[in-house]
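Please load the model in a viewer and keep the selection panel at hand. The tour proceeds by selections, each followed by a description of what is found there.

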Amino acid sequence: MKVKVGVDLGSAAIKVVLTDGAAILWRGQTPTAPGQEILAKKVLKKGLSELGLTESAVTKVVATGYGKGLCGLAEERVDEITANATGLYRLSQGQGRLIVNIGGQDLKIIHLDERGRVADFKMNDKCAAGTGRFFELAARLLDVPLADFGALSEKASSVVTLNSTCVVFAESEMVSLMATGVTAGDIASALQTSVARRVASLVGSANLGAGVWLDGGPALNKGLVKALADELLAEVFVLPEPQYTVAFGAAITV
Amino acid sequence: MKIGLIRGAIQWLSFFVLTYGGRVGIHLGSALPCFACPFVPGCGGYCYLMGLQGYIGFGLALGPAQGKEILVALGWLGVFILLVLLLGKAWCGFICPFGLIQDWLTFIRNKLGLRERYLSPQGKKYLGVVKYVFLGLIVFLPPLIVAKILPPDLYLPFCNICPGKLILPLFAGETRYLAVNLDNAVTMWLSLALIVVAAVTLVGAFFKDRFYCLFCPFLALIHVLRPLTALRLVKEPTSCVGCGVCRRNCQMDVAILDQDQAQVQTIECVDCLRCLTACPMSGTLKYKFLSLTLFAASRWTRLRLRPKP
Amino acid sequence: MTEPLDRLSRLLLKAKAKALAEENETLAWFRRRPDYRPEFEYFLNIVGQGDLAAIADRAGRPVIALLCNQSPLELIVAAGFQPVKIASGSLAETSFSGFGWPALTCPVVKGLLTRLAFKSSSRSVPIVAPATCDWVAKFGEMARFALPAPPSVAYLDLPRFKQDPFSQKKWLSEVYKLKNYLEDLRGGPITRANLLAAIADLNAAYAAFLSLKAARLKGQLSLSWFLLIVGSFFGDTPRRWAENARRLTFKSNGSNSLAKVFLAGSPIFFPNFKLPALMEEAGLTTVADDLCSSERIFPPGQVLEDSSLPGLLASLAGRYHQGCLCPTFGDNDRRINNILGQKNEAGFTGVVFTVLKGCHPYDLESSLLEPALKERNLRFLRLETDYAAEDRQNLLTRLEAFGQSLKGEPGF
């Protein structure tokens, strides 16, 4: 069997996907650290051995993400916006028209046309407001693992609002909220609403009749999905493993 | 640049044909939509305004007009309309000998480094009415003369005060219209008026490009047919940035040239095409014969003035 | 009490050294490029404008410094001066904090004030400035506030509405004011012959510019080199610059890029070539632009219908006011037509719009242009940035994705 490999070198994690061109055969990730190429190779090796393949089975390696230039094992590179569009369009069976991707340090809104091509996109400027970094910081501050964040917010009772999406200012706001006895669940909920509002401001008045596909690691947070649906007034869909869409898209990109 | 050369060449050619053509047997008929003055001995064609006042126009509206004469009149009217439909205002910018003479005056003024005097939009509006007064003379006086209500010396009332009648024959050596005609009071006043009009026209055209064209009845007549003419100036407003270079370069100072609209060929426009030559937005102004583009504005046009080595 | 001043001077010296290093780095980057040619050396040597005295020596005539593009260059050349449009593209000059300007100050003006503080040779150069944006209008006041020896700034009161006949009249009187000002400096009248000769010189420069534009349109001259060569225009007399630019020859390289774009927005000044470099890296071919630091230096449509002195002045006034597409005008609606008008000729399918942080007029104009251009099937990418390099990756990602979307093929 032959496989294509997509490597997504993001700011938070390195994601590797092995595919036959149609479906994801194997996927794995590791946190981003110096020596990205070695890290990526390690994940790839693991994947190949789990599938019972050797390196000769690899027909093509495509890199994407901020670190794509640092990854020597890839013969081809593609930008993460195109990769995301390609991957999501395929995995959503051609249903996706608007993607919201919340990455480690950026926020992307991607409009697709009916053939899955990027029609338009928006991306945050020099500011990490409303990105994955924001959740990381909150998790650290609330002393809750990032993975439990969504479940935590489900326990929210009262509605508090967080005015800032700025990572720095939100921190002091959270500290003062905690001081007044607001629960971690309430803060988590407020946080999600705040990110959702930031996303909504980037989406603007676009037609969302075909729904919104949330992508990237934070999409696993169910509370965020709900908050986003409330703010966008649209249906929000999430793939089973939203953090691998971009790597998959890279692998199947020509 | 190219357009200017082509236009200049046609203007000179037409000047020679219309002024001296008769001497080599050329005669282009009696319905030319330009000042091809019949008072020029040996000219190559007749201005339709004369015919209109005379035997092929309103001059035969009364009296012993036979059916055949009316047919001839209608025939020349048809020729006139056809010529206008074919070339539109190109009659003014490319063919009219009197237009060329005014362009010479502009040339001399520029060589002398004297500034052009502009008329205020208000002033232009009032002066523009004069051409309708002239049209009125052409239409209403001949029948009155034929009916003997007005004296016969008023025959061809417009020609009598047309500056072309004095100036154009000079190029064929005919100087008689420079003098006051003392035959009777009517001829004296008419010839005096002609001299004054010609003098004012020459001075006016020296200080203001194509000054006389403001008063020319042909502009009004041709403009009536403008929506139907084959040759015309068109504007594509979606590529016009409104820089105004067309308006500043316009011989007739057409104020709406740089406005955000497609129809910019006003009654004043004489098809000098200086707007098109100056326009830096490729394809924004086009000179078209039906759907065939003859000239189009281009941003790649070289500027005229070159540095001295 | 002299201690704080000393510290300011030391800070300025440090900034000056950094600014110089930046310039050298950009020049070295240009010389390292695979498309570098020895003929470009002339432009690399004259592009820096940190030392206006050097430009005056090179041109053999005194310099008049200009802000913005609306002062008729012909008039300044006719008066016997070398016009130099001054602007800062330097991160070191821009990020100098010694004067305490607001955080979102226009980098071009802010950096320029820093440079005027440390280049002693520039202080005596008179500055002519049309009041375009708020930053330029306040520049003189800011200079008098911050600089111990502020330059003289002669303002032209640029009317904000260019299609209004009364504004046009007002601007003509401002051009006469400039003429009087220059005649005072020169100590004699500007004659019709002076002006005709200057117009001829600028026409030669315009012709040279057109050949550069044509080469870029055909993909024979990259964006970075185009911006450098056109931007170096003020480094020498118009005639010499034109001669050198005319001498460049371009060959067809046979490539036909699929990702052709039009570059619009805030100006790009030497030595900051971050954005052009990234655009090239992302595989975009820029075939035309409307930056006031590039194509708009040369307003098109010089016409001499009336070649008397008043006629020439009126023609120049109109060309530099009514023909200007600066976003500070209140009736700039037809700016979009410059993009649409070039679309067929240049064959671009996308517009990259750059907004310099702190440049509010362009920021607003991007919002006005975006929906209008999209309606006409042009893709639009707005990039807000400054002179710092930290957002290179973010910008590159967007430019690459934009290029992909222009190629029009699905990614798989």
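**Stop 1: the contact of chain C with chain A**

The model is a predicted one. Begin by selecting the contact between chains C and A, to which chain C contributes 15 residues and chain A contributes 23 residues. On the side of chain C that touches chain A, please highlight helix α16 of chain C, residues 392-407, which gives the most, with 8 residues. Colouring this side of chain C by residue class shows 3 nonpolar, 7 polar and 5 charged residues.

**Stop 2: the contact of chain B with chain C**

Which chains share the most contacts, of the 2 pairs of chains in contact? The pair is chains B and C. Select this contact next: 31 residues belong to chain B and 38 residues to chain C. On the side of chain B that touches chain C, two or more residues come from each of α12 (245-249) and α13 (274-278) of chain B. Of these elements, α12(B) gives the most to that side, with 3 residues. By class, the side of chain B that touches chain C comprises 12 nonpolar, 9 polar and 10 charged residues.

For the remaining pair, show chain A and chain B together: they do not touch, and their nearest C-alpha atoms are 24 Å apart.

**Stop 3: the two domains of chain B**

Hide the other chains and colour chain B by its domain assignment, which gives domain 1 (2-221) and domain 2 (231-296). A distance drawn between the C-alpha centres of domain 1 of chain B and domain 2 of chain B comes to 26 Å. The contact between them takes 20 residues from domain 1 of chain B and 16 residues from domain 2 of chain B.

Stay on the side of domain 1 of chain B that touches domain 2 of chain B, and select α1 (2-20), α3 (67-87), α4 (90-95) and α11 (217-224) of chain B; each supplies at least two residues of this side. Which element gives the largest share of the side of domain 1 of chain B that touches domain 2 of chain B? The largest share, 4 residues, comes from α4(B). In terms of class, this side of domain 1 of chain B has 12 nonpolar, 4 polar and 4 charged residues.

**Stop 4: chain A alone**

Now isolate chain A in cartoon representation, where 8 helices and 10 strands appear. Along the principal axes, the C-alpha atoms of chain A fill a box of roughly 60 × 40 × 30 Å. The radius of gyration of chain A is 18 Å, which agrees with the value near 18 Å that a compact globule of 254 residues would have. Of the 254 residues of chain A, 48% count as buried. Among contacts in chain A between residues at least 6 apart in sequence, 67% join residues at least 24 apart.

**Stop 5: chain C alone**

Finally, isolate chain C, whose secondary structure consists of 16 helices and 8 strands. The radius of gyration of chain C is 21 Å, close to the 22 Å given by the globule rule for 412 residues, so chain C is as compact as a globular protein of that length. The C-alpha trace of chain C spans about 70 × 60 × 40 Å along its principal axes. A burial colouring would mark 54% of the 412 residues of chain C as buried. Of the contacts in chain C with a separation of 6 or more, 77% are accounted for by residues 24 or more positions apart.

Technical notes:
Residues numbered from 1 in each chain as written. Chains lettered and ligands numbered in written order. Predicted model: local features only at pLDDT ≥ 70, side-chain atom pairs only at ≥ 80, totals over all residues. Contact = placed C-beta atoms within 7 Å. Nonpolar A, V, L, I, M, F, W, Y, C, P; charged D, E, K, R; others polar. Domains from an automatic or database assignment. Rg over C-alpha atoms; globule rule 2.2 N^0.38 Å. Buried ≥ 20, exposed ≤ 12 C-beta atoms within 10 Å, placed from the backbone.
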